[in-house]
Amino acid sequence: MVLLLAFIARPVLATGNLWYDKFVAYESASGGNYYNSTNAGTLGWSESYMLRSYLTLYDLTKSTAWLNKFTTHVDVMIANTTDTDGDGFQDWKTTSYGDGGNYPYLVFDGLVCLPIAQFVRLVQQNPTTLSAYATKAASYRTFIENEIVPKWVTASSYPGNCWVQVDASTGYYKEPTTFESLPGAVFNPLPYNMMAPYAQMLYAMYDVNGNASYLGKANQMVRYFNLGFMTNGTAYKWWYCNIANPHLEDTSHGNLDVEMALESFNRGGSSIISGTEIGKISNALTDYMWNQNLATPLVKKYVDGSGTDYSHTLWLTGWVRLTQFNATNWYIAANQFRTLTPANFNHAFTVAQIMAWDPVKVQNQGFEYVFHSDATRPARWTRVGAAANVCLDTANKTAGKYGMKVQSLSGDGLWQALYQDWKEWKANTTYVVTYDRKVNGAAGGRIFMYNTATSTVVGSVYDFDNTGWETHTFTFTTPGSTSAPLRIYLENHDRDAAGTAYFDNVVIKQQGDAW
């Protein structure tokens with residue numbers, strides 16, 4: 001009975017939230033279109049985006065209805081794998097490229113298995129909450145470890161060993177030499193975007209199994225990508241691939257490159273991409289690719305911003321995640337999709353990323369993402385005071401990698417705080433704030449919404465002094481005009497006393513919303 005109850009989830013319903021409702025409408029009509037396919041190209045370029053969207057929706061709503069959809073799709077997809085080439089590895093193949101043969105592709109294995117690996121990691125990191133999915137996660141892990149990963153490094157497999165070790169810290173995958181999978185050139189190495197999702201998959205699997213070879217190959221692919229950066233004013237640009245006569249990377253394929261770089265940067269200590277480098281990747285969009293118009297934003301086709309081709313302007317799945325470093329990235333995507341009905345899985349996943357970085361819900365709610373130039377500061381939040389006193393905390397948290405500490409010192413009278421400017425809210429509307437909190441010492445903690453124009457608190461100030469973690473909820477009603485500049489503050493309630501307030505999972509939602 002316990003196992004069955006764990007699968008019962010809140011229904012997936014429309015809520016009145018623009019982005020959630022767009023996604024639900026698309027998923028309800030088209031979510032089942034592709035997972036029954038046996039074509040690796042269809043699964044990679046379409047279904048994989050829906051699988052990743054389901055994981056994003058679960059992360060936002062904590063409704064396991066999204067995980068149930070995920071496992072329904074993945075179970076069918078894995079059951080449809082075959083060993084048509086007789087090399088002992090079950091996989092997916094496609095005739096979409098090449099000379100008409102039915103071939104496996106590293107990029108599609110990466111695209112399809114990335115969300116599967118992320119699901120396995122999610123279940124492993126939440127063994128109690130998601131215990132009902134443990135058996136499925138274990139079977140998915142076995143599939144990736146036994147069927148997918150060894151195929152690309154085994155000399156006797158159909159594609160053969162495609163790994164190339166450049167030096168001790170750099171490597172890449174090449175096109176198989178046993179068949180012509182990518183006519184027109186000798187892709188040695190493969191294009192960056194074809195390695196990118198596979199590298200991300202290896203990162204996720206390393207988090208699951210601790211296999212050093214997974215981490216090593218992922219890092220070495222990122223380093224190979226890193227070596228291809230070229231300065232373009234305030235930004236970086238890069239080629240589609242490192243072979244003779246390439247073209248500059250385009251916006252659509254660049255999503256995969258950006259996501260690989262983000263994954264590396266957000267890993268912290270093992271990161272190959274530095275904060276300066278990720279900042280320059282972000283600048284490619286805001287300084288060159290975007291048309292500099294937020295009312296009618298458009299994004300150019302190439303990462304250097306050259307030309308007047310805007311045909312890739314809606315392909316922003318990875319680019320919108322750069323909101324971690326610049327809030328403008330969210331508006332570049334959101335202001336294109338506000339009046340747009342999603343027409344494909346890529347659009348749906350972009351909407352899911354818009355949801356994830358929606359400022360009305362609070363950006364970086366769990367403090368899991370760091371600012372590009374300061375690893376002690378959570379992205380999208382602003383510090384008041386000293387870095388040593390207002391910083392990320394790996395020991396005091398309720399979920400994920402980090403919680404947030406705000407520490408006052410006895411008698412110094414200095415203000416220590418963290419805040420985020422709150423955007424996209426509706427006037428005369430009641431909102432609910434939920435957050436995790438505890439304190440250590442006499443300074444205590446407090447949280448409140450503040451109107452910076454009138455220097456007044458919106459609603460009430462909420463002080464607390466509990467020494468064990470607890471979740472607290474409060475409501476407030478917004479002003480009558482959305483022009484009021486509002487800001488949510490996390491701080492100590494006595495700045496002259498010694499003590500620390502800890503916060504995690506700060507979320508704002510409109511009253512009545514399911515999430």
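## Strand pairing and the model

Two strands pair if DSSP finds at least two bridges between them. Take β12 and β13 as an example: Met449 has Val458 of β13 as its bridge partner.

Keep in mind that this is a predicted model. Its protein chain has a mean pLDDT of 95, with 97% of the residues at 70 or more. Residues 1-8 are another story, since their pLDDT is below 50. Beyond near neighbours in sequence, that stretch makes eight contacts in the model.

## The sheet with β12 and β13

Let's stay with β12 and β13 for a moment. They belong to an open sheet of five strands, ordered β7-β10-β15-β12-β13 and paired in the antiparallel sense. The edges are taken by β7 (382-384) and β13 (456-464), and each of them has a single partner strand, so one side of each has no neighbour in the sheet. Going from one strand to the next, the twist averages 20°.

Strand β12 covers residues 445-451 and runs antiparallel to β13, with six bridges joining the two. Besides the Met449 and Val458 partners, there is Ile447, whose bridge partner in β13 is Tyr462. The hairpin these strands make has four residues between them, and Ser455 takes a positive phi near 55° there.

## The sheet with β8 and β9

A second open sheet on the tour also has five strands, in the order β8-β9-β16-β11-β14, and its pairing is antiparallel. Here β8 (390-393) and β14 (470-477) are the edge strands, pairing on one side only. On average, neighbouring strands of this sheet are turned by 35° against each other, direction ignored.

At the β8 edge, four bridges link β8 to β9 (residues 403-408) in the antiparallel sense. If you want a spot to zoom in on, Asp393 stands opposite Gly403 in β9.

## Two helices that cross

Now for a helix pair. Helix α4 (residues 65-79) and helix α6 (residues 134-148) have axes that come within 12 Å and cross at roughly 40°. The crossing of α4 past α6 is left-handed.

On the α4 side, the contact is made by Phe70, Thr71, Val74, Asp75 and Ile78. On the α6 side, Lys136, Tyr140 and Phe143 do the job. Sorted by class, this contact of α4 with α6 has five nonpolar, one polar and two charged residues.

## Aromatic rings

A pair of aromatic rings is described by how far apart the centres are and by the angle of the planes. Counting rings with centres within 6.5 Å of each other, the model has 46 aromatic pairs. One of them is Tyr192 with Phe225: the ring centres are 5.2 Å apart and the planes stand at 65°, so the pair is edge-to-face; the cut-off for that class is over 60 degrees.

Tyr192 sits in helix α7 (residues 192-209) and Phe225 in helix α8 (residues 212-226), so this pair ties together parts that are 33 residues apart in sequence.

## Backbone oddities

Most residues other than glycine have a negative phi, and most peptide bonds are trans. Here are two places to look at with that in mind. Asn188 and Pro189 are joined by a cis peptide bond, with omega about 15°. You'll find Pro189 in the loop between β2 (170-173) and α7.

Val362 has a positive phi, near 85°, although this residue is not a glycine. Val362 lies in the loop between α12 (345-356) and β5 (370-371).

Notes: Residues numbered from 1 in each chain as written. Predicted model: local features only at pLDDT ≥ 70, side-chain atom pairs only at ≥ 80, totals over all residues. Heavy atoms only, no water. Axes fitted to C-alpha atoms, helices over the stretch in contact; angles between N-to-C directions. Left-handed = near helix turned anticlockwise from the far one by under 90°. Contact = heavy atoms within 4.5 Å. Nonpolar A, V, L, I, M, F, W, Y, C, P; charged D, E, K, R; others polar. pLDDT = per-residue confidence, 0-100. Phe/Tyr/Trp six-rings, centres within 6.5 Å; stacked < 30°, edge-to-face > 60°.
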